Amino acid sequence: MLLEMKNLCKTYGETIALDRLNLQLTPGIYGLLGPNGAGKSTLMKLICMLIQPTDGIVLFDGEDIRMHRNNFLDRLGYMPQHSCLYPDFTVQEYLYYVGSLKGMHKKEVALRAEELLLRTRLIAMKKDKIQTLSGGMQQRLMFAQADPEILILDEPTAGLDPQKRLELRNLIAEYSKDKIILLATHIVSDIELIASQILLLKKGKLIKVDPPGALTSQLTSKVCEINFSRPLKELEPYGRISSIYRRKEDIFVRLILNDPAILPPQASFVYPTLEDVYLYYFNDEEEVSHEHFSL
Ligand code: ADP
Ligand code: MG
């Protein structure tokens, strides 16, 4: 199974949402990491054929997905961003909604929804609102989409409490065998333990594709730690502060160095985390305050 993106571009007027993206996905869990506005949802909508590329092509097993639209969409599961915004949906409405996103006709959607409700043992709850379901049931519902081989999850953990986040993470890991799972997030901990590859997307460009361990080792001798109780401003010339923490009575500052040869006095190198990697590549990004909810 191979999902390929070749020279994929998407522009909205002047905005380049996705810039000549080339990527090959075989079964595994891919963490698509990037700040708001990086183009994560755009990439996912292109794969799900909800929007058309400005240029480029998506291939599944060597064939243009547009040539085999229905067959491809049958094998694909998609959880859109902000689906937690629809807690008022009933189970059935949610399945209809997702089906219509996939471009299914009404009759087909109804049939498929019934089938899925049976398979996920949610048939008795079909008229219940999503928010009244238990966490486990909600997740069954989420994965109810035809047992797809390709699963596209757009910020699935947004709005979940830590316990549910964990459950979802485990579920994804458990479910991932022989599947292509692409999971977008801007939260490192969602993926650092489960992703086989991390894709860093910055301003529409794919800047890194590597296993988590490779990404962190690339920052070796770029991160240091220092016991520091003076004004933080004094550390500014050395690099960017990644985090500040307390150990007993001492305050420690974690610093991503501008120049590995120039450490603050008394600082020592530490092993980088994926959090450091994120800050290293994205710290200069401004959070985009507005988002497009349109599909
Ligand atoms: P992410 O999911 O990483 O937050 P998006 O793919 O939603 O990023 O957005 C990428 C860029 O494309 C942003 O600059 C965003 O404002 C822009 N964009 C996304 N959707 C639309 C749209 N429907 N119309 C205009 N601009 C859009
Ligand atoms: Mg998004």
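## Nonpolar cores

In this predicted model, the largest nonpolar core holds 72 residues, of which Leu-3, Met-5, Leu-43, Ile-47, Phe-72, Ile-152 and Leu-182 touch the most other members. Apart from its neighbours within four places in sequence, Ile-152 is in contact with Met-44, Ile-47, Cys-48, Leu-76, Gly-77, Tyr-78, Met-79 and Leu-182. Two of these partners, Ile-47 and Leu-182, are themselves listed with Ile-152 among the core residues that touch the most other members.

A second core is separate and has 8 residues, including Cys-224, Val-253, Leu-255 and Leu-257. In soluble globular proteins, nonpolar side chains tend to be buried together.

## Residues around ligand 1

Ligand 1 is surrounded by 13 residues, and those that come nearest are Gly-37, Gly-39, Lys-40, Ser-41 and Thr-42. Sorted by class, this shell comprises 8 polar, 4 nonpolar and 1 charged residues.

Backbone atoms of several of these residues approach oxygen atoms of the ligand. For Gly-37, a polar backbone atom is 2.7 Å from an oxygen atom of ligand 1. For Ser-41, the distance from a backbone N or O atom to a ligand oxygen atom is 2.9 Å, and for Gly-39 the corresponding distance is 3.0 Å.

## Burial and contributing elements

Taken alone, ligand 1 exposes 560 Å², and the protein buries 81% of that area. Strand S2 (15-25) and helix H1 (40-47) are the elements that give two or more residues to the shell around ligand 1. Helix H1 gives the most, with 3 residues.

Key: Residues numbered from 1 in each chain as written. Chains lettered and ligands numbered in written order. Predicted model: local features only at pLDDT ≥ 70, side-chain atom pairs only at ≥ 80, totals over all residues. Heavy atoms only, no water. Near = heavy atom within 4 Å. Polar contact = N/O pair within 3.5 Å; in protein donor to acceptor, adjacent residues only side chain to side chain. Areas by Shrake-Rupley, 256 points an atom, 1.4 Å probe, with all protein chains shown as cover. Helix = DSSP H or I, 4+ residues; strand = E, 2+ residues; numbered from the N terminus. Nonpolar A, V, L, I, M, F, W, Y, C, P; charged D, E, K, R; others polar. Core = buried A, V, L, I, M, F, W, Y, C linked by side-chain atoms within 4.5 Å. Buried < 20%, exposed > 50% of the residue type's maximum accessible area, 1.4 Å probe, protein only. Contact = heavy atoms within 4.5 Å.
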